[in-house]
Structures are given as structure tokens and as C-alpha cells.
Amino acid sequence: ENTGFCAIDKPKEDCGDSVEEKDTFSSPLSVRYLLYDVNPPEGFNLRRDVYMRLAIFMHRIKKKENWRLVLPPWSQLYHWQSSNVGEQIKLPWRMFFDVKSLQKFAPVIEMEEFLGKIPKHRPAIDEVYILQHYKDMWDEGKEWQDRWSIEACIESTPYSKSGKAFKGPFWTYKNLTAQKVECASFQGHATLLKGLLNQSKAKVVMIDHAEVALHDTYGDHVYWECRRSMRFAHHLVEIAKGFRKTHLDSSDDYDGINRPEDWLEEKEQTTRGGGPYLAVHLRRKDFLWGRAKQVPDLQFAAEQIEEKMKELQLRKIFIATDAPKAEFAELKTHLSKFKVLRFEPSPTLKFEIKDGGVAIVDQIICSHAKYFIGTHESTFSFRIQEEREIMGFQRNTTFNRLCGREEGFPCTQPTQWPIVYK
Ligand SMILES: C[C@@H]1O[C@H](OP(=O)(O)OP(=O)(O)OC[C@H]2O[C@@H](n3cnc4c(=O)[nH]c(N)nc43)[C@H](O)[C@@H]2O)[C@@H](O)[C@H](O)[C@@H]1O
């Protein structure tokens with residue numbers, strides 16, 4: 001069967017660009033759709049990780065089962081607080097990622113494409129399963145065992161019955177409804193969802209709190225294939241390129257970075273150079289209380305940055321941060337010997353790419369630097385580290401983090417997760 005999707009093991013010629021498919025909802029099980037959502041307060045980069053768990057699951061079953069994974073639009077993320085960028089709801093994945101590239105790994109489609117297929121007379125979603133942890137999961141002496149079962153909901157849910165159908169958050173789509181909503185206690189890896197999906201005959205199933213399902217295998221070659229397929233949207237890559245060139249004397253040619261257009265053609269890379277700047281991801285805001293011991297005050301962060309700048313004999317520092325303007329200005333006063341830069345798009349550009357796009361441009365710039373220092377346990381920093389692994393930077397230039405004042409300097413550095421190829 002040719003689904004139009006490009007499997008990792010198919011020759012490139014067989015990989016169609018189009019995701020158009022013939023399914024009209026007329027034959028109940030010809031194609032099935034898996035929708036999902038994540039715990040509302042989670043940020044963008046944790047959500048990227050949850051996507052990978054489900055995409056890898058879809059990748060594993062795609063030869064035998066005809067599912068489409070519907071990409072959940074980005075709506076009202078807690079950290080996206082800019083007021084001058086318009087509404088940040090229902091943003092499609094193509095604003096941030098190269099969706100064709102994702103499709104070369106897993107059969108994914110955008111929400112709007114899925115919505116376009118639903119006949120008027122039918123609720124969009126047949127069945128919603130809200131994943132929850134087993135009540136006894138943390139009991140002492142309880143052995144880990146993969147299991148799932150439909151059970152009463154332990155906590156209250158945001159779904160409520162209105163007439164025959166259920167209403168719910170549904171990524172802020174007001175008209176979406178579901179026919180059935182149940183809770184499923186779940187303990188195990190994403191592939192365990194197969195049992196849950198196959199006990200159902202529904203065509204459209206949604207998994208809420210998908211973060212409860214764990215990675216099948218973290219860090220093997222399939223994980224990295226999925227990760228490599230998550231290329232950023234071209235327009236964001238171009239914006240980052242422009243910034244690197246104009247402000248940081250950095251370009252792929254000059255920095256010795258050589259990445260094929262298509263991730264399927266990527267082989268193990270070695271990058272010895274990197275742009276002539278130090279990049280730092282300085283996570284502030286909720287991390288100031290959430291990770292108080294490991295997040296340095298600005299003065300202590302600056303001391304660590306200065307030390308590294310002297311060692312590397314660099315002049316320019318790129319700071320990716322969620323810090324308010326005043327904090328960034330203070331940091332600059334502590335680093336007055338150097339040129340300290342931040343990506344600050346014009347209001348028009350920011351309106352276009354939104355908070356999510358600004359964050360990705362920050363990540364791209366950090367990932368191309370000669371040396372990177374991140375923030376303890378921030379998934380934002382982790383994703384930069386992965387990007388650098390893909391580009392083949394030497395690991396000691398990647399797996400670094402700032403130390404908290406209480407910890408002192410030096411402190412324990414991040415675990416290295418090396419890239420693996422087939
Ligand atoms: C404590 C936990 O932290 C987790 O955050 P953590 O892993 O850093 O990383 P994320 O899951 O991405 O969430 C942090 C969000 O804050 C913004 N942000 C953080 N750092 C930067 C930066 O350098 N530049 C720009 N432009 N934006 C930044 C951005 O919107 C990003 O997605 C959250 O996902 C969890 O919900 C929870 O809050």
C-alpha cells in the first residue's frame with residue numbers, strides 16, 4: 001500500500017511530498033486518526049518530546065496499521081506571554097517545523113487538514129482517553145510493570161457533557177466535540193497505547209495527557225531519526241542565518257557546518273568549528289523559584305561566562321533568554337568587556353513568527369556557536385544540545401550548564417546523550 005508517506009527505509013524516489021489522501025470517512029476503519037494533547041502548563045520543548053514519543057509509536061506501527069497522527073496546534077502556551085503579537089492560538093506546526101520533513105518519519109498531518117475531512121453530521125472526535133497515573137504507582141515495594149486499564153477518573157477533568165456530546169478544551173476549537181470521554185490509568189511506554197487504541201473500533205481517538213506515556217527507548221537510533229526529522233521551518237532557519245551573518249560573523253561555510261537539506265541523507269557529522277561566539281541559554285522566570293539552587297543570579301552567571309570567554313578568547317556572546325529587558329540590561333553591565341547580543345526582532349517580524357518563532361531562532365543561533373552553556377534541567381537547553389549532537393560538535397562544547405551560586409563553580413555538568421545512527 002502506498003500511503004504517500006515516506007518511510008525511513010524506502011528509497012527517496014518513493015517518498016511523495018503530498019500528504020493528500022483519499023480517505024473520506026466513508027469506510028470506518030480505512031484510515032484512523034490519533035489526536036493528542038499534553039498537560040496544559042507544559043512548555044514548547046517538553047511538548048516536542050511528547051510528540052517524539054507518539055511519532056515513534058506511529059513510525060513503528062505504520063507498516064501494519066493505517067493511522068495518521070494529527071499534530072496538535074499550539075494554543076495558549078503558558079510561557080508565550082507577549083501581548084503585541086496577536087492571538088497565539090491554533091498555530092499550525094508549519095509555523096515552527098518543516099512538516100514535510102516530519103512526514104518522512106511518521107504519518108503526521110496538520111489539524112486543519114484533519115478538520116477539513118470531517119463530514120458535517122459527525123462529531124470530530126469519537127473517543128477521548130485521558131491518561132492518568134495508577135493510584136498505587138508510587139507504593140513502596142510495587143514492582144514496575146507495563147499496564148493500562150479504563151478506570152474512573154482520579155481527578156476532575158475539563159470535559160463535560162453537553163447534550164449528546166462532550167465539550168472540552170480541544171486546543172481552543174469551540175465547535176469540536178467528542179462522543180465519549182474516559183480515563184485510562186496507564187503505566188508504560190508509548191507502544192503500550194496500541195492495546196488501548198485497538199480495543200476501540202473508533203476512527204478518531206484522542207489521547208489527553210499524552211505525556212504520561214513514556215519513550216519506548218530513549219536515545220536509540222530510531223529516537224534520533226525522529227529527532228533529526230524535526231527540522232525547523234525554513235523561514236526561521238533563514239532568519240537565524242541572517243542574524244548569525246550580520247551580528248556574529250557566522251555562516252555554515254565559514255563555521256565548517258555541513259548539513260544535507262534532507263535529514264534522510266544525513267550521515268554522522270563532525271563539526272570542529274562553530275560560529276566565533278559563546279552562546280548561553282539563560283533560563284529565568286519560573287526557573288528562579290522552580291530550580292532556585294541551580295539557577296545563578298545574574299552576577300554569578302556573568303562571572304562564569306567571563307571565565308569561559310577568556311579561556312576561549314572570544315569577543316561575542318549570544319544570550320538566549322526568557323529574561324525581561326531589565327535583567328538582560330543588568331547582565332550586560334556585568335559583561336561590559338564583551339559584545340553581548342540577544343535576538344530582538346522588529347515588531348512586524350515578531351508578530352509574524354510569534355513567541356514560538358523567536359524561541360526557535362534563539363535555539364538555532366545557540367546550536368551553531370563554538371561553545372554552548374545551558375541551564376540546568378531545561379528542556380529548552382536539551383533541545384539545543386541535541387541539535388549540536390546532530391551537527392557533530394565536540395561534546396565538551398555542548399554539554400555544559402551554568403552553576404547556581406549555592407552549588408558553586410564548577411558543578412555537576414549535564415548528562416551526555418550521544419547521537420546514535422543505524
Ligand atoms: C519548570 C518547567 O520548565 C519547563 O521549561 P523548559 O524545560 O525550560 O523549556 P520549555 O518547555 O520550552 O518552556 C520554556 C518556554 O519559555 C520560553 N523561553 C525559555 N527560554 C527562552 C529563551 O532563551 N528564549 C526565548 N525566546 N524563549 C525562552 C519559551 O517560550 C519556552 O518554550 C516547562 O516546559 C514546564 O512547563 C515547567 O514550567
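In this predicted model, the axes of helix 1 (residues 44-61) and helix 12 (residues 379-391) come within 7 Å of one another and cross at roughly 60 degrees. Helix 1 is therefore oblique to helix 12, since angles of 65 to 115 degrees would be needed to count as roughly perpendicular and angles under 35 degrees as roughly parallel. The crossing of the two helices is left-handed. Helix 1 contributes Asn-45, Leu-46, Arg-48 and Asp-49 to the contact, and helix 12 contributes Thr-379, Phe-380 and Arg-383. By character, the residues in this contact of helix 1 with helix 12 comprise three charged, two polar and two nonpolar.

Attention now turns to a sheet. Four strands form an open sheet in the order 12-11-10-13, and their pairing is parallel. Strand 12 (339-341) and strand 13 (369-373) each have a single partner strand and so occupy the edges, where one side of each is left without a neighbour in the sheet. From one strand to the next, the twist averages 25 degrees.

The pairing at one of these edges can be followed in detail. Strand 10 (residues 275-282) pairs with strand 13 in the parallel sense, over four bridges. Within this pairing, Gly-275 has Ala-369 of strand 13 as its bridge partner. Helix 9 (residues 298-312) packs on the sheet and touches strand 10, strand 11 (316-321) and strand 13. The direction of helix 9 makes about 160 degrees with that of strand 10. Because angles over 145 degrees count as roughly antiparallel, helix 9 runs roughly antiparallel to strand 10.

Definitions and conventions
Residues numbered from 1 in each chain as written. Predicted model: local features only at pLDDT ≥ 70, side-chain atom pairs only at ≥ 80, totals over all residues. Pairing = 2+ DSSP bridges. Axes fitted to C-alpha atoms, helices over the stretch in contact; angles between N-to-C directions. Contact = placed C-beta atoms within 7 Å. Left-handed = near helix turned anticlockwise from the far one by under 90°. Nonpolar A, V, L, I, M, F, W, Y, C, P; charged D, E, K, R; others polar.
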